[in-house]
Amino acid sequence: MPRLPRLLVLVLLAVWGCSESRGCATSEPEPVQAQVAPDAGTPEASTPGVAPPPLEARYAKKWLVIVHSSSTPGEGSGVLQALKATGLVAEPLRLSTNAFKELRPCLEVLVAKVFDTRAEAEGFREQLSQARVVAYVKNAGPLEPERERKDLTCLVESEAQAARAEALTRRTVPRFVESHAGRTFMLLGEARTSIVLEPVDVRRSVWMAAVEEDPMGLFVKGETVDVYGAAGLLQAGCAVKGFAWINRGVPHAGYFQQEPPPEAPGCGRPWAFAELDCAVAPDAVAFALPAGTKAPVFFAAGEGPPSEVLAAEEQALRRSERFAALRSEGSLQAELVQERLSEEVKSFRYASGSTSAVFTVARFRTGEGNTMCGGDYNRQVTRAVVLEPGGGGARALTAKALAGEDVVGVLDLEGDGKVELLVQESWPAQAVRLLHEDGSELAGAVVENCDCGC
């Protein structure tokens, strides 16, 4: 009985995603969850006061044959039916990738079977392939020692996703602009119902369905917007010439190996877009505002205070508690793996007139800093300040999780003297965001990624 509360807590963490707007229930019988009590006779099972191991511990460093992955728990009913129809002896279960250190976080994977060796896993994957069930093999890797932190991060992102969708219902909000198949699209909003889409490229990585009117009811054909990049205006007066639903989610690796080719997207959900009549480079970070909106004030990259001010900011960063904590933590990790801890400090500066923004970043690494496909240590801390003109002093930005290296632009969007940060992220998903000084999101666009990583 003393173990029951702990077990319930872990079960709740394992299904953190059920708090999303989409439910976790499905109509078909569910595969087993990673909710297994310790075997009778083990110290964890028999000794009062000893916490049981994490429920996913038995799968650590095992080889997983994955048939489906998604940020929305409970999906994959069609895959389960196909798996059952093969007649193969499968042992399906659902796992949260947050439980494992080297897997992409915030996903639920549907595992057909678990094996001790890669050869066994690949053999079963081949059997599934012959039965026309696409799967891929991943090593679960070690358990994540900071599981609760990951769960909380994913929950926060889930809440941010809901807030992002709600913000898009306001016509005046900045809207990110993307390029697909040589065409330019402006983000409008999230689909609430199932949409039938068609592939627009050979790889079937982007799916689309044209519609006559804006599904969100915000824009009409012929209306114009001004498109801005990280440094300022890209094009003024871009006209809306059409509307479409687009799914550009990144599926798991096995998706592109299917024969015959897949008939539906392998990840994510449809989003409504307006097609614009102007061109934007595929790799540009761009957003649009309704034509006539007062232009933001952009800060110029690489300009700002002299080197002695940057040096003072670096010293202030080095005196911070977070800097000391990461250096201590990194030194311990480096000692455990018998490697040297690399410590690098960089400064990035932006200026508009006599006002400057300075981002001082300290990064600690072991090895190549590969945390996505390896066990290297790689952590950073950023000190971000706005330096006011006339000796007005430094105003520290309070965005807690900010990575200064992700900042690609600084601007004053509303002319209120406060800065907004344009950031571009690559992990755990491709994302672009406009952030307030406190780190809250003003606008954002996230490309869902269902590939588990290594």
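# Disulfides, a helix, a sheet and a pocket

Q: Are Cys-238 and Cys-278 buried or exposed?
A: Both Cys-238 and Cys-278 are buried in this predicted model. Buried is the word for a relative accessible area under 20%, and both residues meet that condition.

Q: What makes Cys-238 and Cys-278 a disulfide?
A: Their sulfur atoms are 2.1 Å apart. The cut-off is 2.5 Å, so the pair counts as a disulfide. A disulfide is a covalent bond between the sulfur atoms of two cysteines.

Q: Which hand does the link of Cys-238 and Cys-278 have?
A: The link is right-handed, with 115° about the S-S bond. Cys-238 belongs to strand β11 (residues 233-247), while Cys-278 is in the loop between β12 (271-276) and β13 (286-290), so the bond ties together parts that are 40 residues apart in sequence.

Q: How many disulfides are there by this rule?
A: The count comes to 3 disulfides. Another of them joins Cys-106 to Cys-154, S to S 2.0 Å, which is within the 2.5 Å limit.

Q: Why is the link of Cys-106 and Cys-154 said to tie together separate parts in sequence?
A: Cys-106 sits in the loop between β3 (93-96) and β4 (108-115) and Cys-154 in helix α5, so the joined parts are 48 residues apart in sequence. This link is left-handed, with -85° about the S-S bond.

Q: How do you know whether Cys-106 counts as buried or exposed?
A: Its relative accessibility is 15%. Buried requires a value under 20%, so Cys-106 counts as buried. Cys-154, at 2%, is buried as well.

Q: What makes Cys-267 and Cys-450 a disulfide?
A: Their sulfur atoms are 2.1 Å apart, and the limit is 2.5 Å. The torsion about the S-S bond is about 70°, so this disulfide is right-handed. Cys-267 lies in the loop between β11 and β12 and Cys-450 in the segment after β23 (441-447), so the pair ties together parts that are 183 residues apart in sequence.

Q: Are Cys-267 and Cys-450 buried or exposed?
A: Cys-267 has 5% relative accessibility and counts as buried. Cys-450 is buried too, with a relative accessible area of 3%.

Q: How do you know that the span of helix α5 agrees with its number of residues?
A: Helix α5 (residues 147-167) has 21 residues, which should span 30 Å at 1.5 Å a residue. Its end C-alpha atoms are 30 Å apart, so the two values agree.

Q: Which residues of α5 are buried?
A: Among them are Arg-147, Lys-150, Asp-151, Cys-154, Ser-158 and Gln-161. Arg-164, Ala-165 and Ala-167 are also buried.

Q: What makes β15 (300-301) and β19 (394-396) edge strands?
A: Each pairs on one side only. They belong to an open sheet of 5 strands in the order β15-β16-β17-β18-β19, with antiparallel pairing.

Q: How do you know that β15 and β16 pair?
A: Pairing needs at least two bridges. There are 2 bridges joining β15 to strand β16 (residues 342-352), so the condition is met. Ala-301 has Tyr-350 of β16 as its bridge partner.

Q: What lines the second largest pocket?
A: The lining has 43 residues, and His-68, Glu-75, Ala-264, Pro-265 and Gly-266 lie nearest the centre of the pocket. The elements that give two or more residues to this lining are β2 (63-70) and α3 (77-85). The lining residues divide into 19 nonpolar, 16 polar and 8 charged. The pocket has a volume of about 1,100 Å³.

Terms used: Residues numbered from 1 in each chain as written. Predicted model: local features only at pLDDT ≥ 70, side-chain atom pairs only at ≥ 80, totals over all residues. Heavy atoms only, no water. 1 Å grid on protein atoms, 1.4 Å probe; cavity = no way out; pocket = protein on both sides within 12 Å on 5 of 7 lines; lining within 4 Å. Points joined across faces, edges and corners; volume = space filled by probe spheres on them. Helix = DSSP H or I, 4+ residues; strand = E, 2+ residues; numbered from the N terminus. Nonpolar A, V, L, I, M, F, W, Y, C, P; charged D, E, K, R; others polar. Expected span 1.5 Å × (residues − 1). Buried < 20%, exposed > 50% of the residue type's maximum accessible area, 1.4 Å probe, protein only.
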